Amino acid sequence: MPWCTETWPAVVIGTGCAGLAAAAELARAGIDVLVIDEAIRPGGQLLQGKWPARDLAARVDPSKAAGFALIKTVTRSGRVTLMAGSQVHGIFPGMTLLVIQNRPGKTPQVKEIKSQAIILATGARERFLPFKGWTLPGVMASGGAQLLIKTHGVLPARTTLVAGTSPINMVLASQILTSGGNISGMLTPVSLARGMDIFRHLPHSLPKIIEGIIHQARLFKALVPVKYKTGIIEARGKDCLESAVTARLTSEGQPIAGTEKIIPTKALAIGHGFAPNVELAVQAGCHLTHIPDRGGWVIKTGDDLSTSIPGIFAAGEVTGIGGGGKSLLEGKMAARSLLGRPISDLVPEREKALAFGRFLNRFCQIPKSFWEQVPDETLICRCESVTMGDIRRAAANGFETAAILKRATRAGMGHCQGRTCGPMIQDILSALCPGVGVPEAPPVSRAPVKPMPIGPFLKED
């Protein structure tokens, strides 16, 4: 059986900004470090693709420049080993990781990796506000559309409609335009005034404001209609997306009668912020805490970014959604803490990054009243075909927690193990069951954290 055991002084899981910063800091200290990521190329969502040196919007963001510089540092370091295209499926007692390493032209190899220290930098995934027809081919996450462009050089469609509250929506629309595509509209259910809160975080947010102005100028030049307090009511199409129905919204998310419009489109990119990827932390036994202003369930850490499990540290979006700048700082802090070195010089800047992160998460938060407008026939858990009506009926019958609802409806038991529907279900229950308040318990995660092939356990090389 193609199974082997390795031992490393330190392991970093994730090659986004936090993982890269941590690996570089450890390597500079003379530590041999293994860095594992599912992606073929390092960089995470923010740094996928080539460094857009000619893109003014990218150059004004110091975190992107620093991130691309770190990719060069890490890939050229003799102290860092990158295990790309590989998945960590479990973290077990004794600081042991179960990993499936994909090898070009060979059978994937099962590895048991032991380490003295682990830094979790597993990033985040997107959140959604579902609507009728949101599972049609052509409806995609904003981040997914962005990866098509940055990684593969492929447009979602000749013309794309962008909607939601995701902070990457403006960037995505700008990238589509500079890549030769068209944008039929930019829609957000929140007001313009809500977005202006970013100015409260000056000067920390100044690079983001400048970047936003550049993106907005591109949209203005291309005559892209930007609509506030406007949402997607329905996606229509027979076998794939053909059009989207939009409408003006009240503050409670109620469509205003008579404002509906049908927009022909082959692609709809939509997102409503992010949720931290905490599954490996849960399985390792790390304590979580629920902080809406940080994106929901996050890994609970001390001031030095240590978790409740000795030897395991957390950095980046898993401690709270906050963007590339926060991730770079925390990656460096986690590595220094692991090395026993001081981090006090980085704390003030991290506090500013956390404050900016609170703004981002509040901007993206979906008001509870919006969930009341989701039609009963709308799919929530697409793996198990659980609808909004199924969840409403279960909640009315007393199934008011995610764990009990899962047993009653199978929501979250499918192939994705609740990665898409899990955050939605927590938001729905919070809206439908006001007495529940904060989710009663963190999400459950068991090995393997994602579906895995059985072949590597059975075949010989």
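Angles between helix axes under 35 degrees count as roughly parallel, over 145 as roughly antiparallel, 65 to 115 as roughly perpendicular, and the rest as oblique. The model here is predicted: local features need pLDDT of at least 70 and side-chain atom pairs count only at pLDDT 80 or more, while totals for chains, interfaces and linings use all residues. Residues are numbered from 1 along each chain as its sequence is written, and side-chain values use heavy atoms, with hydrogens and water left out.

**Exercise 1. Two helices that cross**

Task: Work out how α1 and α3 are oriented to each other, and which residues make their contact.

Solution:
- Begin with the elements: helices (H or I, at least four residues) and strands (E, at least two) are DSSP runs, numbered from the N terminus.
- Find α1 at residues 17–28 and α3 at residues 62–76; their axes come within 9 Å and cross at roughly 45°. Axes are lines fitted to C-alpha atoms, for helices over the stretch in contact, and angles run from 0 to 180 degrees between N-to-C directions.
- With that angle, α1 and α3 are therefore oblique to each other.
- Next, list the contact (heavy atoms within 4.5 Å). Helix α1 brings Leu20, Ala21, Ala23 and Ala24, and α3 brings Gly67, Leu70, Ile71, Thr73 and Val74.
- Sort them by class: the contact of α1 with α3 has 7 nonpolar, 2 polar and no charged residues. Here Ala, Val, Leu, Ile, Met, Phe, Trp, Tyr, Cys and Pro count as nonpolar, Asp, Glu, Lys and Arg as charged, and the others, Gly among them, as polar.

**Exercise 2. An enclosed helix**

Task: Explain why α5 is largely enclosed by the rest of the structure, then look at Gln175.

Solution:
- Take the cut-offs: buried means under 20% relative accessible area, exposed over 50%, and partly exposed in between (1.4 Å probe, protein chains only).
- Count the buried residues: because 9 of the 10 residues of α5 are buried, this helix is largely enclosed by the rest of the structure.
- Ask what surrounds them: the buried residues of α5 pack against α4 (142–152), β11, β12 (182–188), α7 (206–221) and β17.
- Zoom in on Gln175, part of α5 (residues 169–178). Its relative accessibility is 16%, so Gln175 counts as buried.
- Setting aside neighbours within four places in sequence, Gln175 is in contact with Gln146, Ile149 and Lys150.
- Finish at Gly180, which follows α5 and has a positive phi, near 95°.

**Exercise 3. A proline in α7**

Task: Decide whether Pro207 counts as buried, partly exposed or exposed, and find what it touches.

Solution:
- Locate Pro207 in helix α7.
- Read its relative accessibility of 23%, so Pro207 counts as partly exposed.
- Skip residues up to four places away in sequence, and Pro207 touches Val60 and Pro62.

**Exercise 4. The largest nonpolar core**

Task: Describe the largest nonpolar core and name the element with the largest share of it.

Solution:
- Recall that a nonpolar core is a set of buried Ala, Val, Leu, Ile, Met, Phe, Trp, Tyr and Cys residues joined through side-chain atoms within 4.5 Å.
- The largest one has 38 residues, and those with the most contacts inside it include Phe131, Val139 and Trp371.
- Helix α14 gives the largest share of this core, 6 residues.
- Follow Val139: beyond four places in sequence, its contacts include Phe131, Leu241, Leu268 and Ile270.
- Apart from this core lies another, of 32 residues, among them Cys17, Ile119, Leu346 and Ala353.
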